[in-house]
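User: I am new to reading protein structures. Could you take a close look at a single part of this one, a long helix if there is one, and then show me how the rest fits around it?

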Amino acid sequence: MTVKRRIARLMLWLATPLALSTAAHATTLEEALAAAIAHAPEIAAADADADAAKARLEQAKAGRLPTATLSGTIGYGRLDPRGFFGLGAANVTPRAAQMTIEQPLFTGGRVGAGIDQARAGIAGAEAGQIGMRSQLVMAVTQAYGDLLTAAHMVDLYGRLVIQTTEIERQARLKFRAGESPSTDVSQASARLAEARAGLARSQGMQVSAQAHFRNLTGLEPVDLQPLPSNPLLPATLDEAMDAAIRSNPALAQSEASLRAAQAAARGARAERLPTVGAFVEGATVRDQFFPDYRADSATVGIRARWELFSGGRVSGKVAETDSGVRAADARVRAMRMQIEEQVISAFQDVRTAQLVEQAATEQASAAAQALESVRHEVRVGMKPQLDLLDAERESIAAEAGAARAGTDRIVAAYRLLSLMGRC
């Protein structure tokens with residue numbers, strides 16, 4: 001066995017574990033999406049908002065439960081009854097304690113309205129969670145596709161720079177030998193500069209795409225797998241529209257806001273009604289009026305409160321909440337119309353993107369075949385080198401278009417799913 005063969009086998013043996021390790025850490029779109037959901041601070045904020053909404057519901061429910069209040073005072077001073085009951089001045093330690101337990105019996109609907117408002121807030125917060133995840137899924141899908149496209153463009157333009165450099169070198173040699181005019185050298189130099197500019201642009205796009213992907217997912221953009229096929233989508237526009245009307249997170253948030261506004265209006269009207277509660281009180285008093293004064297008491301009863309005149313505060317609040325209901329209802333109708341338009345557009349975009357991707361793939365294949373044919377023709381002298389550069393440029397444009405079409409196709413699919421609340 002020759003030395004070169006031994007070295008080649010040794011390099012292959014050393015490279016095999018590295019290749020296996022790289023393959024084991026390949027990142028798919030699904031893994032990128034999962035990492036983004038676990039990494040994004042926007043998701044954490046939406047989860048915190050949902051927890052806060054649940055806590056507000058617990059606060060609202062507490063309005064139906066009894067309250068227990070313990071109050072007390074203690075001090076030090078001098079009391080002088082001025083001989084009343086024959087008592088003289090004395091140093092005293094006045095102190096009092098009172099324990100009150102009260103159970104609401106009737107609140108005029110205030111508590112029920114508060115609970116309904118809190119439940120609507122939970123529904124809105126949960127819809128916000130879904131909406132935030134949907135936006136993140138679309139952003140990560142776009143970033144993933146942009147990263148693949150940029151990497152492909154860097155590879156294409158890198159090869160073009162190498163080939164253009166060689167063509168320019170050959171053009172200069174032919175010019176020096178008197179076999180071609182200086183125009184060929186100038187045109188080859190211009191194409192080389194164009195290729196280098198394209199490489200610089202694609203490298204800049206790649207750096208930006210890597211930074212955006214890293215920011216969204218927290219992952220290093222290394223060894224990304226090709227874009228998958230589309231997820232399962234509705235077969236007809238009617239199915240997509242029905243699903244969006246039922247589950248669209250933005251529409252669900254609008255409807256939850258309407259329910260919250262309606263509950264707030266009921267709560268405002270309830271302030272015109274009295275409140276009634278049962279109470280139990282126990283108190284102990286020492287040294288409050290005379291030295292060594294003692295008094296203990298226990299009371300059970302019903303306490304009612306009815307505000308008969310509020311100076312227009314309640315009526316103003318009722319008018320405000322009624323206006324809020326009208327505004328929320330208008331927003332729901334506007335959101336429904338907007339969602340319907342977006343679903344129609346997204347459903348058509350999915351179909352269009354699939355057709356565009358198919359056409360772009362066929363175009364890239366045809367351009368690659370044409371490039372190969374021109375390469376053979378240039379090799380045998382049937383065509384000039386500049387025709388090869390033109391074919392290279394057309395092939396690169398076709399491959400870039402196919403890559404972008406693949407990204408547009410998967411992004412359109414996830415956009416439709418996000419409108420349906422399924423991301």
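Analyst: Happy to! One definition helps before we start: a residue is called buried when its relative accessible area is under 20%, exposed when that area is over 50%, and partly exposed in between. Ala 62 is a good residue to try this on: its relative accessibility is 38%, so Ala 62 counts as partly exposed. Please also keep in mind that what you are looking at is a predicted model.

Let's set the scene with the whole protein. There are 9 helices and 6 strands in it. The radius of gyration is 39 Å, well over the 22 Å that the globule rule gives for 423 residues, so the protein is more spread out than a compact globule. You can see this along the principal axes too, where the C-alpha trace spans about 140 × 55 × 45 Å. Of the 423 residues, 33% are buried. The protein exposes about 24600 Å², and carbon and sulfur atoms supply 58% of that area.

Now for our close look, which will be at helix H5. This helix runs over residues 182–217, which makes 36 residues. From its first C-alpha to its last, H5 reaches 52 Å, close to the 52 Å expected at 1.5 Å a residue.

Which residues of H5 are buried? Follow the helix and you will meet Val 185, Ala 188, Leu 192, Ala 195, Gly 198 and Leu 199 among them. Further on, the buried residues of H5 also include Ser 202, Gln 206, Ala 209, Phe 213, Leu 216 and Thr 217. And what covers them? The cover includes helix H2 (29–39), helix H4 (110–176) and helix H9 (385–419).

We can zoom in on one of these meeting places. Glu 168 lies in helix H4, and setting aside residues up to four places away in sequence, Glu 168 touches Ala 188, Ser 189 and Leu 192. Two of those names should look familiar, since Ala 188 and Leu 192 are among the buried residues of H5. Is Glu 168 itself buried or exposed? Its relative accessible area is 13%, so Glu 168 is buried.

Helix H4 has other partners as well. Gln 129 is another residue of H4, and at 17% relative accessibility Gln 129 counts as buried. Apart from its neighbours within four places in sequence, Gln 129 is in contact with Ala 46, Asp 47 and Ala 50. Contacts between residues far apart along the chain are a theme here: 81% of the protein's contacts with a separation of 6 or more are between residues 24 or more positions apart.

Let's go to where H5 ends. The helix is followed by Gly 218, which has a positive phi, near 75 degrees. Most residues other than glycine have a negative phi. Against that background, the loop between strand S5 (275–286) and S6 is worth a visit, and Asp 287 is found there. Phi of Asp 287 is near 55 degrees, a positive value in a residue other than glycine. Asp 292 has its place in that loop between S5 and S6 too, and its phi is also positive, near 65 degrees. Their surroundings give you a nice contrast: Asp 287 is buried, with a relative accessible area of 13%, whereas Asp 292 counts as exposed at 65%.

Finally, how far does the chain take us from H5? Remember Ala 195, one of the buried residues of the helix. Arg 305 sits 110 residues away from Ala 195 along the chain, and their C-alpha atoms are separated by 84 Å. Arg 305 belongs to strand S6 (residues 294–305) and is exposed, with a relative accessible area of 58%. Apart from residues up to four places away in sequence, Arg 305 touches Pro 274 and Thr 275.

So our picture starts with H5, whose buried residues are covered by helices including H2, H4 and H9, and it ends out at Arg 305, with 84 Å between its C-alpha and that of Ala 195.

Methods: Residues numbered from 1 in each chain as written. Predicted model: local features only at pLDDT ≥ 70, side-chain atom pairs only at ≥ 80, totals over all residues. Heavy atoms only, no water. Helix = DSSP H or I, 4+ residues; strand = E, 2+ residues; numbered from the N terminus. Rg over C-alpha atoms; globule rule 2.2 N^0.38 Å. Buried < 20%, exposed > 50% of the residue type's maximum accessible area, 1.4 Å probe, protein only. Contact = heavy atoms within 4.5 Å. Areas by Shrake-Rupley, 256 points an atom, 1.4 Å probe, with all protein chains shown as cover. Expected span 1.5 Å × (residues − 1).
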